[in-house]
Amino acid sequence: MTFRHRHLLGIEPLHPLEITELLDRADHYATLNREGRAPRDVLAGLTQINMFFENSTRTQASFELAGKRLGADVMNMAMQASSLKKGETLIDTALTLNAMRPDLLVVRHPNSGAVDLLAQKVNCAVLNAGDGRHEHPTQALLDALTIRRAKGRLHRLSIAICGDIAHSRVARSNIMLLGKMENRLRLIAPPTLMPSGVAEFGVEVFDDMEEGLKDVDVVMMLRLQKERMDGGFIPSEREYFHRYGLDAAKLAHAKDDAIVMHPGPMNRGVEIDGTIADDINRSVIQEQVEMGVAVRMAAMELLARNLRAERTGTEATA
Amino acid sequence: MSTLFTNARLIDPEAGTERRGALLVEGGHVKAVIEGTELPEAREVIDCRGKCLAPGIVDLGVKVSEPGERHKESFASAGRAAAAGGVTTMVTRPDTSPAIDTPETLEFVVRRAREDSPVRVLPMAALTKGREGREMTEIGFLKDAGAVAFTDCDRVVTDTKVYSRALTYAHSLGALVMGHVQEPGLSNGACVTSGKFASLRGLPGVSPMAERMALDRDIALVEMTGARYHADQITTARALPALTRAKTNGLDITAGVSVHHLTLNELDVADYRSFFKLKPPLRSEEDREAAVEALASGLIDVLCSMHTPQDEESKRLPFEEAASGAVGLETLLPAALRLYHAERIDLPALFRALSLNPSKRLGLETGRLAAGAPADLVWFDPDAPFVLDRATLRSKSRNTPFDGARLQGRVLGTWVAGRSVTETA
C-alpha cells in the first residue's frame, strides 16, 4: 500500500517507492498475461471510459485491453468527433462525463495540463494517457519495466534518449522517472529539438550521436513527428537520418549488450534503421508493447484500490 | 468648497520626500501644502490619522471592455474598481471590439466614461485601423477628440514601412505612441517564457530575447522618425541596456512595467494556473529582480496594472488556450507596496512611477502634491494587512493572480478633483 494517489497524472509527483510498487504489480501481471491467467474480478463492476482528444490506436487499444483483462466495463469515446466540434469546453465535457459516474477515466489531450484541469473537476480516478508535450506516465512506466526485465535492475544504468526531445511527452516522463531511480541520463538531439533550459535538468546533453551513445546500456529512440521534418526544425529527413538515425555504426558505440527501445509508431529510415528495429538480440520494441498492457493493468488496479478505499472511507464518516 | 487633510504622511514624488503635514484643497485643486502647526480654516476637515496621502494613481493601459464585451468590464465597474484601488485616472486601451480607431468610437467611449466612471478616463486610440498594422488611423482627428496616445496594444505592427510612417505622422502632431515589445515571429504561439519551467510543463515558450529584439527595432524607428515613444512593458534584464542607451542618446523614449511582472515570476504558474497567464508571460526570478531594480533607479518610468478583464469561460481552459491578462486596478497599490515592504523602493519613488511619471508623459497636471495641482488624491495605510478574496473585487471580471494572497496596504479614501469617490461600504 505504497501508492497513494487519486490520479495518475504524471511521473513528477511519484515517489521512487511508488514507482517500484507499480512496476512490481505490472511485472506480476506480465507473467499472468503470458499464462493467460489474468484475474477478471479486479476491476469488476467498475466503468472505464477512454477519452481520446487526439488520435491514438495503440495506446487506446492497450488501455482497453488492460481494462477488459481485469474485468472493467470499457467504453471508448472519440472526442474529436463529438463535443469539441460543437464548441463545448473541456470542463463542460468533464462535468457531463462525471455525471455518468465512471470510475476510471483515461484521457489523452493535445494540450499540456489539460488532463490536470479535467482531473480537478471529476470524482473518479483519472489516468493521463498523454497531455500535449507534458507527460505520458504509463509510457515511462512500461519503458522502465522493459528495462528492468532486460537489465535486471533500474538504477545505475547509463541511458540515452535520442531524437525530438523538445516536443516529446514520452521524453519528459522518462527523464523524470529514470532520474528518480538514479540512472545516468544522456540526451541526444539536434539543438533545435532540445528543450529550453535542458542544462538544468541534471542530465548530460549531446548533439552528436556517436559521442552521446558511448558505453550506454539503453538506447531510447523517439519518434520524429512528420510536421517537424520539413525544414522547420531540421533540414530534411535524409540529413536527420544520416546524423541522428540509429544504425549499426552508431549503435556500435553503445555497450555490446545495449538494448534498443522505441515508443512507436516507428519511422523506419528516419530515426531508426529497420534492421536494428527487428534485431531480436537488441530491440525490445515488441516487449515494450507487451509491458504496456501489464503496466496499465497495474496502474488501474492501484487507482481502483485507492478509489474504493476513499469511497468506503467517505461512507464510514457520512 | 474647501477641504483640509490634516495629520497626513504626505508622499511627494516630485520632491522625492515624505513628511508630516496638512493639505488644503480648494476648487478641485491643491491650494497649499502646510507643514507647520498653524492650520487654515476649511469647510471640511479630514483627519488622515498619520497615514499616507499621495497623488492619485494614473494607470497607463487599462482595458475597459466597452465597446463589445461589457459583460467583462464596463466603465461603471472599472471606475468603481479604480476608485477602490486609489486610481484617479484610467488611461484606457483601444483593444476593444471593435477597436477604438475612429473619432466616432472614441467619442462613444468618452461619453460612456463621462456618464459612468467616478474617476477620470483618458482614452488611447489605435495606431492602425482595426489594429491590423496596415493603414494608420486618423491620428489628427482622434487626437482632437481626446486620444492621449496611440497604440495597437499587444498586436505588434510588423510592417516597418507602415510603422515608420505612422510614427512619422504621429511625431508631426506631437502624439505619443505606445509600443508592445515582443518580436512576433519568436513569440507566436508561446504562452510562457522559455527555460526549464516551460520545458517541464511542456508549454511552448518564448525566449526573453524577443523583448529586446522588438525594443531594438522600435528604438531604431524612433531614432529615424523622432517620434515620442513609450514601451508598454519592459520585463527582462536583457532589454534594459538598450533602454539605457536610447535614453542616454536623448531619444524621447519612456518605458513601463506591470506590477505583476515585479511581484510574480514564471514559477507562479505552477500547475497550469491560467490566472497567471499574462502578455508578455511572467519571467524568471532574475528578470523580475532586474525589472524591480530598473523601476527603483528610474530607468523604467511607469508602473501600471495592465488591467485586462477576462471572464471565467475564457480562463477555465487548458493553459495554452486560455486568454491572457489579469485584472489589476484594485490590487495595483497593495501589490506595488510589496516592493516597499521588501525595502526595494521608497514611497516617493513608488508614486513617481505610479502617478507623477505617467502624468508627465501624457502632459497632465496630475501626479503632484504641489499647490496648483489637481486634487486627485489617495489616502492609504501602507501597513494594513489583508488576505485578498477575489469575490470582493469590484471588477466584473475577477481574474486576479492575487486571490488568497497576503497583501499589505489598504486604500482609505480616493478623491478626484477634490471630490470623494470613495465607496461607503
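Helix α6 of chain A is home to Arg169(A), a good place to enter this predicted model. With a relative accessible area of 12%, Arg169(A) falls under the 20% limit and therefore counts as buried. The UniProt record, an unreviewed entry, places the feature "binding site" at Lys86(A), Arg169(A) and Arg223(A). Of these residues, Arg169(A) and Arg223(A) are included in the lining of the largest pocket.

That pocket deserves a closer look. The largest pocket holds about 700 Å³ of space. Its lining is made up of 27 residues, and the closest to the pocket centre are Glu54(A), Arg108(A), Arg169(A), Arg223(A) and Gln225(A). Two elements of chain A, α2 (58-69) and α6 (169-180), each give two or more residues to this lining. By class, the lining residues of the largest pocket comprise five nonpolar, 11 polar and 11 charged. Both domain 1 (7-136 + 289-311) and domain 2 (137-284) of chain A contribute, with at least three residues from each.

Elsewhere in chain A, strand β5 (residues 158-162) is mostly covered, with five of its five residues buried. In a regular strand, side chains alternate between the two faces of the sheet. In β5(A), Ser158(A), Ala160(A) and Cys162(A) point one way, while Ile159(A) and Ile161(A) point the other way, and all are buried. A parallel pairing over five bridges links β5(A) to strand β6 (residues 184-188) of chain A. Within this pairing, Ile159(A) has Leu185(A) of β6(A) standing opposite.

The loop between β9 (259-261) and α10 (274-277) of chain A offers a contrast in exposure. Pro265(A) lies in this loop, and so does Val270(A). Pro265(A) has a relative accessible area of 38%, between the 20% and 50% limits, and so is classed as partly exposed. Val270(A), in turn, is buried because its relative accessibility is 3%, under the 20% limit. Each of these loop residues can also be placed relative to another part of chain A. For Pro265(A), the C-alpha to C-alpha distance to Arg58(A) is 8.6 Å, although 207 residues separate the two in sequence. For Val270(A), the C-alpha atom is separated by 9.1 Å from that of Glu239(A), 31 residues apart along the chain.

Turning to chain B, its strands β1, β2 and β3 are linked by antiparallel pairings. Strand β1 (residues 2-12) runs antiparallel to strand β2 (residues 17-26), and nine bridges join them. Across this pairing, Leu4(B) stands opposite Leu24(B) in β2(B). The two strands form a hairpin with four residues between them, and Gly16(B) in the turn has a positive phi of about 70 degrees. Strand β2(B) is also joined to strand β3 (residues 29-34) of chain B, by five bridges and again in the antiparallel sense. Here Leu23(B) has Val33(B) in β3(B) as its bridge partner. The hairpin of β2(B) and β3(B) has two residues between the strands, and Gly27(B) takes a positive phi near 60 degrees.

Enclosed space was examined as well. Across the whole structure, the search finds three cavities of 30 Å³ or more. The largest cavity has a volume of about 70 Å³. Its lining comes from chain B and consists of Leu127(B), Asp152(B), Cys153(B), Arg155(B), Val156(B), Val157(B), Tyr163(B), Met178(B), Gly179(B), His180(B), Arg217(B) and Asp218(B). The elements that give two or more residues to this lining are β9 (176-179) and α7 (209-225) of chain B. Sorted by class, the lining of the largest cavity has six nonpolar, two polar and four charged residues.

Two annotated spans complete the description of chain B. The unreviewed UniProt entry lists residues 50-236 of chain B for "domain: Dihydroorotase catalytic". This span of chain B is 38% helix and 17% strand, and its end C-alpha atoms are 38 Å apart. For residues 343-421 of chain B, the UniProt record (unreviewed entry) gives the feature "domain: Amidohydrolase". The span of residues 343-421 is 19% helix and 30% strand, and its end C-alpha atoms lie 31 Å apart.

Terms used:
Residues numbered from 1 in each chain as written. Chains lettered and ligands numbered in written order. Predicted model: local features only at pLDDT ≥ 70, side-chain atom pairs only at ≥ 80, totals over all residues. Heavy atoms only, no water. UniProt positions renumbered as here; feature names shortened; annotations may be inferred. 1 Å grid on protein atoms, 1.4 Å probe; cavity = no way out; pocket = protein on both sides within 12 Å on 5 of 7 lines; lining within 4 Å. Points joined across faces, edges and corners; volume = space filled by probe spheres on them. Nonpolar A, V, L, I, M, F, W, Y, C, P; charged D, E, K, R; others polar. Domains from an automatic or database assignment. Pairing = 2+ DSSP bridges. Buried < 20%, exposed > 50% of the residue type's maximum accessible area, 1.4 Å probe, protein only.
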